[in-house]
Amino acid sequence: MLLKKQAKRATKYYDLLNTDLGKDVLADMCDRHFMLTTTHVPHDPHSTAFNEGRRAVIAELIQLAGTSPLELQEKIKLQQKENGRDSRDGIGQPDEFGDY
């Protein structure tokens, strides 16, 4: 019974995340939740652990979607270009430390 429920849930995620809109949302979530960048926050293990938790959720969604990381990376680049930015936070201009 449990396996049937898990299979049904996985199918729902797969169907949802493999639509055009689902792929756009997944790419955006990858961009904002550390899939292509480090989760490490210097001298702050709690923030690092929190960020790694965010990343773990997205990694599970990618697995359920059966999506190629390369495909997602291309989608992220396209979204960033369309939004006129090269960063996770959407600002597009570096802060006083040179970070986006």
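## Surroundings of Asn51

In this predicted model, Asn51 touches Phe34, Thr39 and Val41, not counting residues up to four places away in sequence. Asn51 itself is placed in helix 3. With a relative accessibility of 9%, Asn51 counts as buried, because the cut-off for burial is under 20% relative accessible area.

Phe34, one of the residues that Asn51 touches, belongs to the loop between helix 2 and helix 3. Phe34 is likewise assigned as buried, at 7% relative accessibility.

## Positive phi in the loop between helix 2 and helix 3

Most residues other than glycine have a negative phi. Phe34, although not a glycine, has a positive phi of about 70°. His43 is a further case, with a positive phi near 65° in a residue other than glycine.

His43 lies in the loop between helix 2 and helix 3, the loop that also holds Phe34. The accessibility of each residue is as follows: Phe34 is buried at 7%, whereas His43 is exposed, with a relative accessible area of 84%.

## Overall architecture

The secondary structure of the protein chain consists of 4 helices and 0 strands, and its pattern along the sequence reads α-α-α-α. The chain has 100 residues, of which 23% count as buried.

Among contacts in the protein chain with a separation of 6 or more, 59% are between residues 24 or more positions apart.

## Nonpolar core

In soluble globular proteins, nonpolar side chains tend to be buried together. The largest nonpolar core here has 10 residues, namely Leu17, Leu26, Ala27, Cys30, Ile58, Leu61, Ile62, Ala65, Leu72 and Ile76. At least two residues of this core come from each of helix 2, helix 3 and helix 4. Helix 3 gives the most, with 4 residues.

Ile62 is one of the core residues. When neighbours within four places in sequence are left aside, Ile62 is in contact with Leu26, Cys30, Met35, Thr67 and Leu72. Of these partners, Leu26, Cys30 and Leu72 are listed among the residues of the core.

## Packing of helix 2 against helix 4

The axes of helix 2 and helix 4 are 9 Å apart, and the two helices pack at an angle of about 85°. Helix 2 is therefore roughly perpendicular to helix 4.

On the side of helix 2, the contact involves Lys23, Asp24, Leu26, Ala27, Asp28, Cys30 and Asp31; these meet Glu71, Leu72, Lys75, Ile76, Gln79 and Gln80 in helix 4. By residue class, the contact of helix 2 with helix 4 comprises 5 nonpolar, 2 polar and 6 charged residues. Several of its members also occur in the largest nonpolar core, including Leu26 and Ala27 as well as Leu72 and Ile76.

## Salt bridge between helix 2 and helix 4

Side chains of opposite charge can pair when their charged atoms come close. A search of the whole structure finds 4 salt bridges. One of them joins the side chains of Lys23 and Glu71, with an N to O distance of 3.4 Å. Lys23 lies in helix 2 (residues 20–32) and Glu71 in helix 4 (residues 69–82), so this pair ties together parts that are 48 residues apart in sequence.

Both residues also appear in the list of contacts made by helix 2 with helix 4. Lys23 is partly exposed, with a relative accessible area of 22%. Glu71 is partly exposed as well, at 38% relative accessibility.

## Salt bridges within single helices

Arg32 forms a salt bridge with Asp28, their closest N and O atoms being 2.9 Å apart. Both residues lie in helix 2, where a spacing of 4 residues corresponds to about one turn of the helix. Arg32 is partly exposed at 36% relative accessibility, and Asp28 is partly exposed with a relative accessible area of 26%. Asp28 is, in addition, one of the helix 2 residues that meet helix 4.

In helix 3 (residues 45–65), Arg55 and Glu52 are 3 residues apart, about one turn of the helix. A salt bridge links Arg55 with Glu52, the closest N and O atoms lying 3.9 Å apart; the pair qualifies because the cut-off is within 4 Å. Arg55 is partly exposed, with a relative accessible area of 24%, and Glu52 is partly exposed, with a value of 36%.

Notes: Residues numbered from 1 in each chain as written. Predicted model: local features only at pLDDT ≥ 70, side-chain atom pairs only at ≥ 80, totals over all residues. Heavy atoms only, no water. Buried < 20%, exposed > 50% of the residue type's maximum accessible area, 1.4 Å probe, protein only. Core = buried A, V, L, I, M, F, W, Y, C linked by side-chain atoms within 4.5 Å. Contact = heavy atoms within 4.5 Å. Axes fitted to C-alpha atoms, helices over the stretch in contact; angles between N-to-C directions. Parallel < 35°, antiparallel > 145°, perpendicular 65-115°, else oblique. Nonpolar A, V, L, I, M, F, W, Y, C, P; charged D, E, K, R; others polar.
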